[in-house]
Amino acid sequence: MKMPHMQMRDLKENHVLSREPLKSSMNQKKSPKMIIKSGDRFEDGKKSLGRRNGRRRCRGHKVDRLLDGKKLEPSMGSTPCKSLMFHRRPGYGQLGTKCMVKANHFLAEIPGSDLSHYSVDINPEVASRKLNKAIMTELVKLYRNSDLGMRLPVYDGRENLYTAGLLPFTSKEFTVILVDENEGTGNARKREFKVTIKFVALASMAQLRNLLSGKQVDTPQEALNIIDTVLRELAAQRYISVGRFLYSPNIKKPQALGGGLESWRGFYQSIRPTQMGLSLNIDMSTTAFFEPLPVIDFVAQILGKDVYSRPMSDADRVKVKKALRGVKVEVTHRGNVRRKYRVSGLTNQPTRELIFPLDEHMNMKSVVEYFLEMYGYTIRYAHLPCLQVGNEKKVNYLPLEACKIVEGQRYTKGLNEKQITSLLKVSCQRPREQELDILQTVQQNGFDQDPYAREFGINIDGKLASIEARVLPAPWLKYNDNGKEIEYLPQFGQWNMMNKKVINGSTVRYWACINFSRSVQESTARGFCQELVQMCQISGMEFNRDPVIPIYSARPDQVKKALKYVYHAATNKLEGKELELLIAILPDNNGSLYGDLKRICETDLGLISQCCLTKHVFKISRHYLANLSLKINVKMGGRNTVLLDALSWRIPLVSDIPTIIFGADVTHPESGEDSSPSIAAVVASQDWPEVTKYAGLVCAQPHRQELIQDLFKTWQDPQRGTVTGGMIRELLLAFKKATGQKPLRIIFYRDGVSEGQFYQVLLYELDAIRKACASLEPTYQPPVTFIVVQKRHHTRLFASNHSDRSSTDKSGNILPGTVVDSKICHPTEFDFYLCSHAGIQGTSRPAHYHVLWDENNFTADEIQSLTNNLCYTYARCTRSVSVVPPAYYAHLAAYRARFYIDPELSENAKARCTRTSNGSSVRPLPALKERVKNVMFYC
């Protein structure tokens with residue numbers, strides 16, 4: 001029996017509200033000459049929309065009400081503009097089966113009285129927070145019982161000191177003498193600091209209490225920072241602090257990851273305002289640290305060869321220098337004297353050839369002789385280079401064998417695949433184990449015994465928060481009428497294609513295959529292609545059995561030549577018709593081949609491609625072929641499945657009027673890459689009412705810029721005046737072209753935004769959406785719902801009873817469709833946690849959805865149900881996915897576009913860069929070919 005469909009609320013006929021676009025956030029000068037190319041604008045909005053026309057009256061904040069006559073501009077700095085109020089929670093969801101879950105949130109009781117805030121000025125000035133904290137620790141030790149009036153302050157390591165009550169002075173200077181080691185020379189030295197502590201103000205807790213009681217006020221960041229600082233103070237003394245994470249080798253025995261690295265266990269800790277009150281969010285974490293090895297053993301590990309008897313090659317030396325630069329080492333050749341130094345480089349000559357001036361008279365001495373005479377130490381591995389430590393003026397040489405890596409240094413560069421696999425193996429935990437570890441961490445931290453928490457009157461509950469959740473029903477899926485199973489209700493978030501055919505099968509008439517793998521014979525490749533073609537036909541596609549030309553074998557380093565040969569050979573044979581699909585067989589380890597192939601096919605040839613690894617060609621599994629056929633179908637313009645409710649016009653606030661759903665994401669380069677651009681991607685549905693096909697656009701933007709620059713843009717053309725464009729405008733036009741209707745509602749899922757960026761992103765990107773709409777028709781302002789999707793958060797949900805098999809899936813995780821919108825969610829704003837996927841291994845991470853802006857007035861049930869149902873329409877597999885598909889597709893498109901940055905051009909590329917609005921220049925990506933951009937090429 002089918003689940004009952006959600007009842008749609010009354011729909012009222014209403015003409016499009018005229019909303020003035022948000023005022024220009026980029027201070028662009030208005031030009032009276034606004035040119036819109038013919039065919040690039042919408043017709044009059046009064047045209048009949050056919051079925052289910054009209055929409056409900058917009059009850060939310062209107063943009064023109066928001067403006068209130070003032071100019072709104074996004075804050076490009078660190079202080080966000082507060083003139084924009086986020087959407088309030090419209091109520092709680094009721095749909096689904098109620099159940100209880102636990103969350104890794106611990107209730108925190110906060111002090112009733114206000115706290116005192118003091119400024120700290122240290123002379124001479126210190127750049128390191130660690131040293132600042134050491135100075136303050138010494139000061140408290142010396143003066144707590146006298147000048148500080150028995151108060152135990154907390155210090156953030158910069159300029160702020162907080163106390164639970166007033167100190168006996170308003171301003172006072174203290175003298176602190178600290179003994180520390182110079183990292184350059186390794187010499188111990190005494191340093192004197194003058195520390196001035198001055199009263200600033202009483203830090204009020206009233207606003208925080210107002211927020212927690214459900215009043216709509218700005219988040220009192222200072223009060224939260226103070227409580228966060230108090231609760232971290234003791235832990236930061238015991239553990240190694242990395243941002244909001246704390247690590248220690250004592251939580252769990254470190255595991256070797258290879259390449260001189262090991263895993264350390266730690267935890268994340270953060271204080272959050274929630275509906276149940278102030279909550280301490282604690283989550284387990286594992287990361288890579290340098291193994292505290294003798295440096296010579298570390299070098300042997302990273303090179304993977306014997307360095308004890310063989311000299312180092314130039315390439316090896318470059319690799320070692322790169323790995324060790326900036327790493328702290330301690331000497332081992334001086335008994336108990338373990339001086340520490342930071343590595344600045346590696347010598348070009350072996351140790352036996354190194355000489356240095358002993359004094360200002362330039363009396364030279366060899367390193368080997370110096371160590372023997374000075375320390376009685378005989379250097380055994382004189383064929384190896386020395387470490388260079390200290391600054392350039394006074395370079396010190398240290399033999400590799402006389403140094404050991406200092407414990408407790410986090411590794412911040414990229415890990416290789418083997419190390420990533422090892423790290424995942426160590427960190428992957430079943431939900432029950434993870435819950436126990438979290439509880440153990442809270443007990444070990446002993447907040448009830450914490451002198452700082454006691455001083456400030458903060459109490460932490462030792463139990464995980466228990467919350468009422470709901471399991472939303474899975475949606476019915478529609479498949480092709482020619483299959484045995486036409487409609488299907490997925491169970492536990494997964495299903496398969498047995499007895500089903502894709503709802504809209506695409507047609508592949510002209511295809512070819514290139515084999516880049518030396519180990520795959522032509523007969524094997526031919527057999528694989530025939531099996532794949534057969535699977536595509538079984539799944540409901542029309543697929544020509546034979547390729548246009550015989551399978552072509554090529555070397556991976558000849559990718560461009562091979563692609564162009566096959567493309568032109570096929571085109572010649574087809575006499576003007578174009579090749580539609582390329583199947584490419586790649587070696588398992590193919591370096592840049594995959595990226596090069598995708599770049600050439602999608603930006604040069606306009607060709608859809610499907611890559612297959614050699615291991616899958618040899619071991620053909622039907623499951624693998626079925627997944628490939630799903631990918632090929634959507635890349636060729638087909639649809640795999642559609643929500644049954646969509647076809648029967650029963651999705652609230654989607655089926656009533658033409659609705660476009662956007663997904664947007666920005667991916668940033670890996671840490672350590674200073675010059676690579678960030679990549680923004682926007683996808684948008686191109687079918688209505690089905691909402692399953694998404695066209696995608698990508699663009700490069702300045703390094704680490706989170707606001708999407710190309711959503712809407714204008715530029716001056718000498719002939720045409722001011723020309724408008726941008727990704728939103730182009731996708732709206734594509735929707736109109738594909739459906740014959742203009743979208744009258746916009747739902748925008750935005751991935752990858754942290755809470756600190758909510759204001760800027762909403763203000764800037766909502767403004768861009770408004771302008772893109774107005775550029776198509778002056779009065780065209782469809783209502784917008786703007787939802788941020790977050791996966792990088794630390795809330796985990798656990799079954800209330802792990803032994804109850806009916807409340808968990810096979811992996812021991814909570815059931816797919818579990819939604820939480822109370823207790824651990826924001827006190828006033830409209831957010832919810834949704835675990836839409838079935839767990840595979842480890843502990844499932846729910847997605848956190850935050851509805852920042854909603855002119856469509858979704859109820860909690862409507863937006864939660866829509867989001868969950870969309871997760872069943874992901875094209876690449878027969879599983880419900882963990883993030884709403886438009887956001888997922890945007891992520892895939894952005895990831896794909898990184899391959900479009902031509903490596904040869906990016907090395908010396910200053911030419912042909914475009915300047916962005918904030919003045920920085922970035923090289924544009926090569927444009928996607930027309931044939932590619934209208935299909936789901938990124939799948």
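**Figure 1. Salt bridge between Arg338 and Glu330 in the predicted model.** Arg338 pairs with Glu330 through a salt bridge in which the closest N and O atoms are 3.4 Å apart. The two partners fall into separate burial classes: Arg338 is partly exposed, at 33% relative accessibility, whereas Glu330 is buried, at 12%. The structure as a whole holds 39 salt bridges, and further examples are presented in Figures 2 and 3.

**Figure 2. Salt bridge within helix H6, formed by Arg317 and Asp314.** The closest N and O atoms of Arg317 and Asp314 lie 3.1 Å apart. Both residues belong to helix H6, which covers residues 314-324. Because Arg317 and Asp314 are three residues apart in this helix, about one helical turn separates them. Arg317 is buried, with a relative accessible area of 16%, while Asp314 is exposed, with a value of 52%.

**Figure 3. Salt bridge between Arg470 and Asp821, and the network that includes Asp861.** The side chains of Arg470 and Asp821 meet in a salt bridge with an N to O distance of 3.4 Å. Arg470 is located in strand E22 (residues 465-471), and Asp821 in the loop between strand E40 (818-820) and strand E41 (830-835), so the pair ties together parts that are 351 residues apart in sequence. Both ends of this bridge are buried: the relative accessible area of Arg470 is 4%, and Asp821 has a relative accessibility of 5%. A network of salt bridges links Arg470 and Asp821 with Asp861.

**Figure 4. Surroundings of Arg272 in strand E12.** Strand E12 comprises residues 261-274, and Arg272 is placed within this strand. Arg272 has a relative accessible area of 19% and therefore counts as buried, the cut-off being under 20%. Leaving aside residues up to four places away in sequence, Arg272 touches Gly277, Leu278, Ser279 and Asn281, together with His105, Glu755, Tyr833 and His848.

**Figure 5. Positive surface patch containing Lys413.** Lys321, Lys322, Arg325 and Lys413 form this patch. Lys413 is situated in the loop that runs between strand E20 (403-405) and helix H8 (417-427). With a relative accessibility of 38%, Lys413 is classed as partly exposed. Two other members of the patch, Lys321 and Lys322, fall within the residue range of helix H6, 314-324.

**Figure 6. Negative surface patch containing Glu173.** The patch consists of Asp121, Glu125, Glu159 and Glu173. Of these residues, Glu173 lies in strand E7, which spans residues 171-181.

**Figure 7. The protein from which the close-up views are taken, with its secondary structure and burial.** The secondary structure of the protein comprises 22 helices and 44 strands. Of its 939 residues, 55% are buried. Contacts between residues at least 6 apart in sequence were also examined, and 73% of them join residues at least 24 apart. The protein exposes about 42,400 Å², and carbon and sulfur atoms supply 49% of this area.

Terms used:
Residues are numbered from 1 along each chain as its sequence is written. This is a predicted model: local features need pLDDT of at least 70, side-chain atom pairs count only at pLDDT 80 or more; totals for chains, interfaces and linings use all residues. Side-chain values use heavy atoms; hydrogens and water are left out. Helices (H or I, at least four residues) and strands (E, at least two) are DSSP runs, numbered from the N terminus. Buried means under 20% relative accessible area, exposed over 50%, partly exposed in between (1.4 Å probe, protein chains only). Contact means heavy atoms within 4.5 Å. Accessible areas come from the Shrake-Rupley method with a 1.4 Å probe; for residues, only the protein chains shown count as cover. Patches are made of residues with over 30% relative accessible area and no salt bridge: like charges are joined within 9 Å, nonpolar side chains (Val, Leu, Ile, Met, Phe, Trp, Tyr) within 5 Å. A salt bridge is a side-chain nitrogen of Lys or Arg within 4 Å of a carboxyl oxygen of Asp or Glu. Lys and Arg count as positive and Asp and Glu as negative; His and the chain ends are not counted. The place of a charge is taken as NZ of Lys, CZ of Arg, CG of Asp or CD of Glu.
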